[in-house]
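Thanks for coming, everyone. I'd like to walk you through one structure today, so let me put it up on the screen.

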Amino acid sequence: MTWTVSAVRYVGRSAAILSMGLALVLSAASAASAQQSSSEARTLQGVWYVQVTIRDCATGVAVAPAVNSLVTFASGGTLHESVGGGGFLPGQRSEGHGTWTHKGGPTYDQRFVSMINFATAPGPGPGFEVGWMKVRHTVDVIDADHIESVGTNSFYRLNGEVYRTGCSTAIGTRFE
């Protein structure tokens, strides 16, 4: 086969165009991968060690020492929470079950319910009635391993009547 000047130019141009197209595809894939890694790093999904502080709703002042809990934000938007302490007697409060939703950017909403299995009279603590409690928080993912949240809690009697409400904040660290 004899190569002409026009054939060499054609092959050269084709190779250059193919190379530029391949470079463009690879750079787009790399950017998409980096963007995906960045968004995955800022997701709420996973297990978190959380410290919750009960606060006076009017002043924001802490009214009790922080309470430790573990919260799992599962794929699909379900949530499981287990608390250690918090003014409840052993077995008095069930683990929390609920949902979470992405609100946009680094912000999520969480809400869960837990059962109050038996009553305690007010004493050194506030006292609780048989029923359930609901917690609602707005959670912000600070970085891949840290969250902060703020929200409310409501306590219900068995007949559905609210007998107490409160406010709380939380900070969390991802459990690996």
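Let's start with a spot to look for: where does F128 lie? F128 is in the loop between β5 and β6. Before I go on, please keep in mind that this is a predicted model.

So, is F128 buried or exposed? F128 is buried, because its relative accessible area is 6%, and buried means under 20%. Now find F155 as well. F128 and F155 sit 27 residues apart in sequence, yet their C-alpha atoms are 8.3 Å apart in space.

Okay, stepping back to the overall layout. The protein has eight strands and one helix. If you read from the N terminus, the order is α-β-β-β-β-β-β-β-β. There are 176 residues in the protein, and buried ones make up 25% of them.

Next, the pocket. How much space lies in the largest pocket? About 740 Å³. The largest pocket is lined by 42 residues, and the closest to its centre are V52, I54, V67, G86 and N153. As for which elements give two or more residues to that lining, we have β1 (46–55), β2 (67–73), β3, β5, β6, β7 and β8. Which of the elements gives the most? That's β8, with eight residues. For those of you thinking about chemistry, the lining of the largest pocket splits into 23 nonpolar, 13 polar and six charged residues.

On to the salt bridges. How many does the structure hold? Five. I'll take you through some of them.

Take E81 and R93. Their side chains meet in a salt bridge, at 3.1 Å from N to O. E81 is in strand β3, while R93 is in the loop between β3 and β4, so this pair links distant parts of the chain, 12 residues apart. And both E81 and R93 are buried.

Then there's R157 with E129. That salt bridge comes in at 2.5 Å, N to O. Here again the pair links distant parts of the chain: R157 belongs to strand β7 (residues 146–157), E129 to the loop between β5 (107–116) and β6 (131–143), and they are 28 residues apart. What about their exposure? R157 is partly exposed, at a relative accessible area of 24%, and E129 also counts as partly exposed, at 28%. This pair has a further partner, too: E129, R157 and E161 are linked in a network of salt bridges.

The next pair is R174 and D145, whose side chains meet in a salt bridge of 3.8 Å, N to O. R174 is in strand β8 (residues 162–174) and D145 is in the loop between β6 and β7, which makes this another link between distant parts of the chain, 29 residues apart. Is R174 buried or exposed? R174 counts as buried, because its relative accessibility is 16% and the cut-off for buried is under 20%. D145, on the other hand, counts as partly exposed, at 34%.

Now let's go to the outside. Which residues make the nonpolar surface patch? L89, F118, V130 and L158, and the patch covers about 350 Å². L89 is worth finding on the screen: look in the loop between β3 (78–84) and β4 (96–104). L89 is partly exposed, because its relative accessible area of 44% falls between the 20% and 50% cut-offs.

Two more residues and then I'm done. S154 lies in strand β7. Why does S154 count as buried? Because its relative accessibility is 16%, and anything under 20% is buried. S154 has K134 as a spatial neighbour to point out: the two are 20 residues apart in sequence, and 5.3 Å apart in space, C-alpha to C-alpha.

The last one is K103, which you'll find in strand β4. K103 is exposed, because its relative accessible area is 54% and exposed means over 50%. If you measure across from K103 to V139, you get 9.6 Å between C-alpha atoms, with their positions 36 residues apart in sequence.

To recap the pocket and the bridges: the largest pocket holds about 740 Å³, β8 gives the most to its lining, and the structure has five salt bridges. Okay, over to you for the discussion.

Definitions and conventions:
Residues are numbered from 1 along each chain as its sequence is written. This is a predicted model: local features need pLDDT of at least 70, side-chain atom pairs count only at pLDDT 80 or more; totals for chains, interfaces and linings use all residues. Side-chain values use heavy atoms; hydrogens and water are left out. Patches are made of residues with over 30% relative accessible area and no salt bridge: like charges are joined within 9 Å, nonpolar side chains (Val, Leu, Ile, Met, Phe, Trp, Tyr) within 5 Å. Accessible areas come from the Shrake-Rupley method with a 1.4 Å probe; for residues, only the protein chains shown count as cover. A salt bridge is a side-chain nitrogen of Lys or Arg within 4 Å of a carboxyl oxygen of Asp or Glu. Helices (H or I, at least four residues) and strands (E, at least two) are DSSP runs, numbered from the N terminus. Buried means under 20% relative accessible area, exposed over 50%, partly exposed in between (1.4 Å probe, protein chains only). On a 1 Å grid over the protein atoms alone, a cavity is a set of points where a 1.4 Å probe fits but cannot get out, and a pocket is an open set with protein on both sides within 12 Å along at least five of seven lines; lining residues have an atom within 4 Å of a point. Grid points are joined across faces, edges and corners, and a volume is the space filled by probe spheres set on the points. Ala, Val, Leu, Ile, Met, Phe, Trp, Tyr, Cys and Pro count as nonpolar, Asp, Glu, Lys and Arg as charged, and the others, Gly among them, as polar.
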